[in-house]
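Open your viewer and get ready to make a few selections. We will go from one stop to the next, and at each one you will hear what is there.

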Amino acid sequence: MLTVDLTPEVMEETLSSNAGIVVAYHPPIFGGLKSLKLSNPLQNSILTCAAHGISIYSPHSALDSVYDGINDWLALGVLEKQENGSVRSLLETDIGPDGAEGRMVELVDAITMELLVKRMKAHLGVDHIQIGCPAVSSGPSTPVRTVAICAGSGASMLQGKTADVYLTGEMSHHEVLAAVASGVHVMICGHTNTERGYLPILAKKLRNGLDQELREMGTGLAVGEVIVSTRDAHPLKVL
């Protein structure tokens with residue numbers, strides 16, 4: 001079972017599908033705990049997994065950084081086609097097989113802010129994206145040549161980077177103020193909206209990788225089902 005978050009709804013889906021492993025992008029235990037309680041809904045899911053012998057694996061930031069991972073998937077949304085520009089890490093280095101921190105997209109030809117928003121809405125499958133604009137912005141017609149990217153909550157990685165746009169899932173009020181005051185446009189897509197669309201790609205990679213490994217081992221076993229949760233969802237709605 002692949003999911004961004006191991007919520008009670010996803011836990012219920014996991015049990016009904018008889019899944020033996022949950023790959024939860026966000027670690028269900030995100031901070032230190034002294035105890036696990038059934039009365040806490042999220043901790044209840046962890047204990048339920050333990051009781052049913054279900055393993056939990058959380059790739060989180062490793063999946064962001066790895067080559068052809070989440071940040072590269074977001075970069076493709078900006079480019080639309082690989083030949084439309086180049087992608088490097090936020091550290092101004094090449095992206096090796098193990099990946100690198102964040103992504104910086106440089107387009108061959110500048111596009112408008114309006115077109116960038118349209119591309120990312122289609123890529124992420126969302127209806128709304130929040131935009132922060134500097135005082136000198138030309139609004140929808142603003143030309144965009146460089147986009148700094150970090151999935152999830154990316155302000156700490158994006159801060160201080162030279163780019164026309166910072167693209168991430170969420171930033172605090174003061175982080176947005178600091179960015180637009182420095183002349184950078186901010187594109188906030190919703191934390192898990194920048195992550196969830198990658199799960200079907202991960203599912204395909206897991207199926208192919210497991211199939212190849214089993215064939216090389218000569219076990220004669222078939223790859224089990226790799227399921228993407230249908231109940232995993234962004235916790236916030238726009239009304």
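Start by colouring the two domains: their centres, taken over C-alpha atoms, are 29 Å apart. To make the selection, use 2-57 + 195-217 for domain 1 and 63-190 for domain 2, bounds that come from an automatic or database domain assignment. Before you go on, note that this is a predicted model, where local features need pLDDT of at least 70, side-chain atom pairs count only at pLDDT 80 or more, and totals for chains, interfaces and linings use all residues. Residues are numbered from 1 along each chain as its sequence is written, and side-chain values use heavy atoms, with hydrogens and water left out.

Next, select the interface of domain 1 and domain 2. The two domains bury about 710 Å² between them, 68% of it on carbon and sulfur atoms; buried area is the accessible area (1.4 Å probe) that two parts lose on being put together, summed over both. Show Tyr25, Glu195 and Tyr198 as sticks: in domain 1 they lose the most area to domain 2, together 70% of what that side buries.

Now pick Asp68 and Lys205. Their side chains meet in a salt bridge, at 2.7 Å from N to O. The term stands for a side-chain nitrogen of Lys or Arg within 4 Å of a carboxyl oxygen of Asp or Glu. Across the interface of domain 1 and domain 2, the rule finds one salt bridge.

Which residues lie nearest the centre of the largest pocket? Select Cys189, Asn193, His234, Leu236 and Val238, which belong to a lining of 22 residues. A pocket here is an open set of points on a 1 Å grid over the protein atoms alone, where a 1.4 Å probe fits, with protein on both sides within 12 Å along at least five of seven lines; lining residues have an atom within 4 Å of a point.

Last stop: the second largest pocket is lined by 15 residues, with Met1, Ile21, Leu210, Glu225 and Val226 nearest its centre.
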